[in-house]
Every structure is written in C-alpha cells, then in structure tokens.
Amino acid sequence: MSDPAAAKPGGDAPAPAELNVLHWWTSASERAAADHVAARMAEQGLRWVDGAVAGGGGSAAIKVLNERTLRRMAPKVAQLNGQSMSEWADMGLLLELDGVAQRRNWARTMFPQVMSQLTVREHVVAAPLGIHRINNLYLNKAVFAQHRIELPSDWTGVLRAAKALRAAGVTPVAFSDEPWQVATVFEALLLGEAGPSLYRRMMVQRELQAFDDPALERSLRRLRDWRGLALPAAAQGAASGPQPVMLGERPWTELVADFAAGRSAMLIMGDWARGELGSLGLEGGRDFDCRAVPGTAQAHLYSIDTLAMLAGSGVQAEQEKMAELLGSATLQLGYNRIKGSVPVRRDVPVDELDPCAQQSFALFANPATPRVPSLVHRMAFGEVGKNAIIETVHRFALDPAQTPAAAQRKLQGLLRALTPPPPSTPSPPSPPAAISPKAPR
Ligand code: BGC
C-alpha cells in the first residue's frame, strides 16, 4: 500500500497508493470539490480513501480525529485548519513539508498570509487548499426583483428590505440555531461594528480592555435582531418575551436550499455557501448578489482550508506527492471553482471564476486590505478557545433573558480564563490549555 509502484495482484498496472483522508466536506459542493481532488490524485497513482465526518464547521470531525489518533488509527491526512494545525504540529504529530514547499517554490507562489498560516516554528506543516471569506451577505436577486425591493448595502437598507419582504410574505433571513453557525454570523457582525483593528485587539491580541468596547454590545444586539428576521412572522413578538423561540439547529445546507428556492432572501455565511449555491445551479452575480456584511466591505474575514499529513504514517512519499498536487495551479483552480473559496496562490488567473470569487481574491491579494482571522473557523483560536466562545455567543442568542451587557461580561471573563498570565506573573500549577503557543496573525 505504501509503495506506489507495487503491482496489482494479477495485473500489470501498479496498485494506487492509498491515503486515508479525514475531513468534513459532506455537502454536495464540498463532496464534488473533494471528488475533484481524488480524481486528480488517481491520475498520479494515489488513491483518496474517504474518511468524511459530517458536520459543518468540523467539530465532529475533529473529535473523531482525536479519538482515532488516541486509538492508533490515525488517518494519513487530515483537515486541520489554523490554530488547530499549530497545536498538532507543536505535539510533533505532523509531517514537515519543507522539501515540498522548497521544490514547488511555495514561498514565492503562495500568498504570504497563507505561508505564515502553514508555518509553525519555521516548518511548513500542511498543504493549503483554499481561502474562504466569511463576511458575506448573500441576496437572492429574483426575490428582491419580484417584490421590487432595492438590494441593500447598509443596515438601514437591510432593515427596510426586511420589512418589505415580511409584507410580501417572505421570511427575510435564513438562520440556524446551530452553535457554529450562530457564531459565524456573530463574528461577521462584530467585524462590522468593531472594525478590523478593534476586532484584532479582541481576537488576536486578546486584550481584555478591548472587550469593554460598546461595539461588542452592539454586535450582540445585531445578532439577536438578525436572528429575529428569520423567525416566522407569528413568532416575532414572542421572541422578545421571556421564553426562547427556537429556530432549530438546521444544517447550513438547508439554509442554502431555502435561500436558493426563495423561501428566504438574505443569508450571512462563509463562501462555502456560494459553492453550494453553484451546485444547485445558481450563479453568483446573475442569480444572487454577494455583498459584504454592512460595515465590512473593505475587510476580508478569512479562513484557510489546509490538509495536514500525519507523521510516522509509513507513506511519506505519497503524502508529499499529494501535498505537491494540492498546491499546483491547475488543482487550485479546479478545486476552488467548485468549493466557493479562492486559490491560495497569487499566480493563478482567476478571470474565469464568478464575480464574487474574483472580488474575494482581489481583496485578499491587496496588501492594503485588512485581513482578519476567523474565530469560529480556527484562525484566531484553537479548538478549546473557539468552542468556549461559540458556546457563550450561542447561549446569548437563544436566551432572551440574557442582556447583551451580561454576555459581554461573560465573553470578557472567558478571555481572562483562556489567556495565560503575562511572563512576569508566576505560572499557576496547571496553565489553561486553550491557547496555542503560536499567536495568530
Ligand atoms: C471549512 C469549510 C467548510 C465549512 C462548512 C469551514 O470550517 O473551512 O471548508 O465548507 O466549514 O462545513
């Protein structure tokens, strides 16, 4: 299995070398994007053995990865993004890919931000696939046109449109109570209210005082208001009462399907939603508009998908071959066109991608763009930290009895608990395990 030249029993063609890949790409577009990679691998004598674990945002997949690794059944390749990847690399669990990066000149072809994300203690520890933008507001053009409502680009316009949509019998917003989805909307709203520099002070520098800023309270209010626009008309009044009104933890694919069918008209979601809309036959620019969440037009709230190669697997040559393929220009274009993300290389022509992808790529490529790391998608925090924050935001969103000010204090308290003491203070006996030693950029 580890030898790509090994002969197939009874045949001349060499048996493809197998690589078991653990990931969470299970929607139609995610599946198609993964199948695209598998097909390109097959052309090179490598077999993608699928280890998908369903669940948007990947929490379930990461739990399975932990379990499998503990039981010595680790996959050969795993989707490990951002700070999670750093944590695994720090434990010596990942194969270093410096040779691949050098041979393929990644330092020159990849965006510097991508390279810095892949590099832990001066070693490249994963292969990058695509860059997602999180701060998108999708608008269903047919619904807006049918009811002659202007496409909004600021909050006043959004609220005006929502009122008109309600009057026309359309639920304005698609929203799920699934914790990672609630928090994904929240981080985009926070960026809008706080702006990139305060967002960074909170999520990257982790300054406790930054959590006192009124922008945080405003974004919590916005989150609740936005969710209110997804409630059935009859439940709207009840939502401000003492009893929580639930929307249900619907998978993100159902939200996309609702939006595509015109059952809702607005959606805030990472651009994997654009990939999924593509798989339903909708085209960015033609059928739906992708605008930035109000207040975030100049910024790129990013998440970078990466596949790490597990160390000591006995198939190093095949893992390296796969990593080389993932970084190649052709694969980058083919994969990202399906997935909704954009290439990690600055030298690929993106003029064939849809206008939304071109815009995301141009923004990410522009050195003047404030690029801010996603909290929910592990760019700013590792698994433990991001889960704790998601949980807090989720509880607030669903519990009308909790005030935004109380949630703000909870988030600040959480940060205090997650952040290790400054070097001058003596260390407590068991330091909190949440924060990765590698600071996000
Ligand atoms: C990943 C995407 C994926 C999305 C929904 C994100 O964390 O980066 O690749 O499509 O979750 O599952």
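Q: What counts as a helix here, and which one holds Glu383?
A: A helix is a DSSP run of H or I with at least four residues, and helices are numbered from the N terminus. In this predicted model, Glu383 lies in helix α16, which covers residues 383-398.

Q: Why is Glu383 called buried?
A: The cut-off for buried is under 20% relative accessible area. Glu383 comes out at 12%, so it counts as buried.

Q: What makes the pairing of Glu383 with Ser84 a polar contact?
A: A polar contact needs a pair of N or O atoms within 3.5 Å. The side chains of Glu383 and Ser84 are joined at 2.9 Å, so the pair meets that limit. Leaving aside residues up to four places away in sequence, Glu383 touches Ser59, Ile62, Ser84, Glu87 and Arg378.

Q: How do you know that Cys290 and Cys356 form a disulfide?
A: The limit is 2.5 Å between the two cysteine sulfur atoms. Cys290 and Cys356 have an S to S distance of 1.8 Å, so they qualify. A search of the whole structure finds one disulfide. With -95 degrees about the S-S bond, this link is left-handed.

Q: What makes the Cys290 and Cys356 pair a link between distant parts of the chain?
A: Cys290 sits in strand β10 (residues 288-292) and Cys356 in helix α15 (residues 355-365), with their positions 66 residues apart in sequence. Both cysteines are buried.

Q: Why is the contact of Arg103 with Glu320 called a salt bridge?
A: The rule asks for a side-chain nitrogen of Lys or Arg within 4 Å of a carboxyl oxygen of Asp or Glu. Arg103 and Glu320 meet at 4.0 Å, N to O, so the pair sits right at that limit and still counts. Arg103 lies in helix α4 (residues 98-103) and Glu320 in helix α13 (residues 316-326), so the bridge ties together parts that are 217 residues apart in sequence.

Q: How do you know that Arg103 also forms a salt bridge with Glu324?
A: Their closest N and O atoms are 2.9 Å apart, which is within 4 Å, so this pair passes too. Here helix α4 is again linked to helix α13, with the two residues 221 apart.

Q: Are Arg103 and Glu324 buried or exposed, and what makes them so?
A: Arg103 has a relative accessible area of 52%, over the 50% mark, so it is exposed. Glu324, at 16%, falls under 20% and so counts as buried.

Q: What makes Glu352 and Arg337 a salt bridge?
A: Their closest N and O atoms are 3.0 Å apart, so they lie within the 4 Å limit. Glu352 is in the loop between α14 (329-339) and α15, and Arg337 is in helix α14, so the pair connects parts 15 residues apart in sequence.

Q: Why do Glu352 and Arg337 get their accessibility labels?
A: Glu352 is at 64%, over 50%, so it counts as exposed. Arg337, at 44%, falls between 20% and 50%, so the label is partly exposed.

Q: Which residues do shared salt-bridge partners join into one network?
A: Arg103, Arg104, Glu320 and Glu324. The search of the whole structure finds 29 salt bridges.

Q: How do you know how compact the protein is?
A: Start with the fold: 17 helices and 12 strands. The radius of gyration is 22 Å, close to the 22 Å that the globule rule gives for 441 residues, so the protein is as compact as a globular protein of that length. Of those residues, 55% count as buried.

Technical notes:
Residues are numbered from 1 along each chain as its sequence is written. This is a predicted model: local features need pLDDT of at least 70, side-chain atom pairs count only at pLDDT 80 or more; totals for chains, interfaces and linings use all residues. Side-chain values use heavy atoms; hydrogens and water are left out. Buried means under 20% relative accessible area, exposed over 50%, partly exposed in between (1.4 Å probe, protein chains only). A polar contact is a pair of N or O atoms within 3.5 Å; within protein, one must be able to donate a hydrogen and the other to accept it, and residues adjacent in sequence count only if both atoms are side-chain atoms. Contact means heavy atoms within 4.5 Å. The radius of gyration is taken over C-alpha atoms; the globule rule is 2.2 Å times the number of residues to the power 0.38.
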